[in-house]
Structures are given as structure tokens and as C-alpha cells.
Amino acid sequence: QVQLVESGGGLVQPGGSLRLSCLASGKFFSIPAMGWYRQAPGKQRELVAGISSAGSTNYADSVKGRFTISRDNAKNMVFLQMDSLKPEDTAIYYCNAQALSGIKVVTGWGQGTQVTVSS
């Protein structure tokens with residue numbers, strides 16, 4: 001299993017910045033993929049950004065150029081730097097990990113952290 005704990009959410013004004021962090025723990029050999037998802041009220045959960053253990057990244061079109069995902073493989077952590085935040089970025093942000101445990105791929109989700117962009 002893989003357990004994930006997020007931190008760094010909060011209230012910020014439009015145009016501001018926030019940095020989310022996520023720590024993975026548990027019994028696994030490696031974490032090939034990590035990412036951030038978000039879910040706004042009344043909407044489906046969507047992928048915001050993903051990153052492989054090699055550092056390859058992908059982003060939702062709505063956040064390209066504003067958000068940056070990174071990870072520290074030695075510490076089993078993933079980060080999301082969010083700049084130029086907009087009110088439409090308001091959502092609960094969830095950390096996700098696809099980890100290798102033996103020959104199995106196990107998926108973990110964090111509990112979510114609220115990000116509110118408002119003046």
C-alpha cells in the first residue's frame with residue numbers, strides 16, 4: 001500500500017502563488033508515477049499535472065505555463081508550484097501515486113487539500 005499526505009493549501013488572492021507538497025509512505029519498491037488532481041464543486045475530478053520517476057511531465061491545458069510539478073525521488077515527495085492563480089483554480093487538490101509493491105501496481109490518494117482563490 002501507499003499512503004499520501006498533502007500540505008500547502010489555503011486561501012490566496014487572484015494572481016498569487018501557492019506550493020503544494022505530498023509525502024508518500026508505505027511498503028513499495030518505487031513510485032513510477034505521481035501526480036496532482038483537483039475537484040471543484042459540482043465537477044468531476046481532473047488531472048492537473050503528472051510526473052514520472054525520470055522527470056517527464058504533463059499538464060492540463062488550463063494550467064500550462066502557470067503550474068510546475070516536480071518531485072524528490074529520494075524523499076518520495078511530489079510538489080506543485082502554482083503561480084498566477086485564478087478563481088477557477090479553486091478546488092480540492094489531491095495527490096496521487098502509482099507505486100510498485102512486489103509485482104503489483106498499487107494506487108494511493110491523499111486526503112485532499114483545499115485551494116481557494118478569491119479576493
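## Exercises on a predicted model

Setting aside neighbours within four places in sequence, Leu20 is in contact (heavy atoms within 4.5 Å) with Ser7, Gly8, Gly9, Trp36, Val78, Phe79, Leu80, Met82, Tyr93, Thr113 and Val115. The model is predicted, so that local features need pLDDT of at least 70 and side-chain atom pairs count only at pLDDT 80 or more, while totals for chains, interfaces and linings use all residues. Residues are numbered from 1 along each chain as its sequence is written, and side-chain values use heavy atoms, with hydrogens and water left out.

**Exercise 1.** Decide whether Leu20 is buried or exposed, and find the strand in which Leu20 lies.

*Solution.* Begin with the definition: buried means under 20% relative accessible area, exposed means over 50%, and partly exposed lies in between, with a 1.4 Å probe and protein chains only. Leu20 has 0% relative accessibility and therefore counts as buried. Next, Leu20 belongs to strand β3, where a strand is a DSSP run of E with at least two residues, numbered from the N terminus.

**Exercise 2.** Work out the order of the strands in the open sheet, and explain why one side of β1 and of β7 is left without a neighbour.

*Solution.* Two strands pair if DSSP finds at least two bridges between them. The open sheet is formed by 4 strands in the order β1-β3-β8-β7, with antiparallel pairing. Because β1 (2–7) and β7 (67–72) stand at the edges, each with a single partner strand, one side of each has no neighbour in the sheet. As a closer look at one pair, β1 and β3 (residues 18–26) are joined in the antiparallel sense over 6 bridges, and Glu6 has Cys22 in β3 as its bridge partner.

**Exercise 3.** Find which strand gives the most residues to the largest nonpolar core, and describe how that strand is enclosed and paired.

*Solution.* A nonpolar core is a set of buried Ala, Val, Leu, Ile, Met, Phe, Trp, Tyr and Cys residues joined through side-chain atoms within 4.5 Å. The largest such core has 31 residues, of which Trp36, Leu80, Met82 and Tyr93 touch the most other members. The strand that gives the most is β9, with 5 residues. Since 8 of the 11 residues of β9 are buried, β9 is largely enclosed by the rest of the structure. Turning to its partners, β9 runs antiparallel to β4 with 8 bridges, and Met34 stands opposite Ala97 in β9. Strand β10 (residues 104–109) is joined to β9 by 6 bridges, again antiparallel, and Ala97 stands opposite Gly108 in β10.
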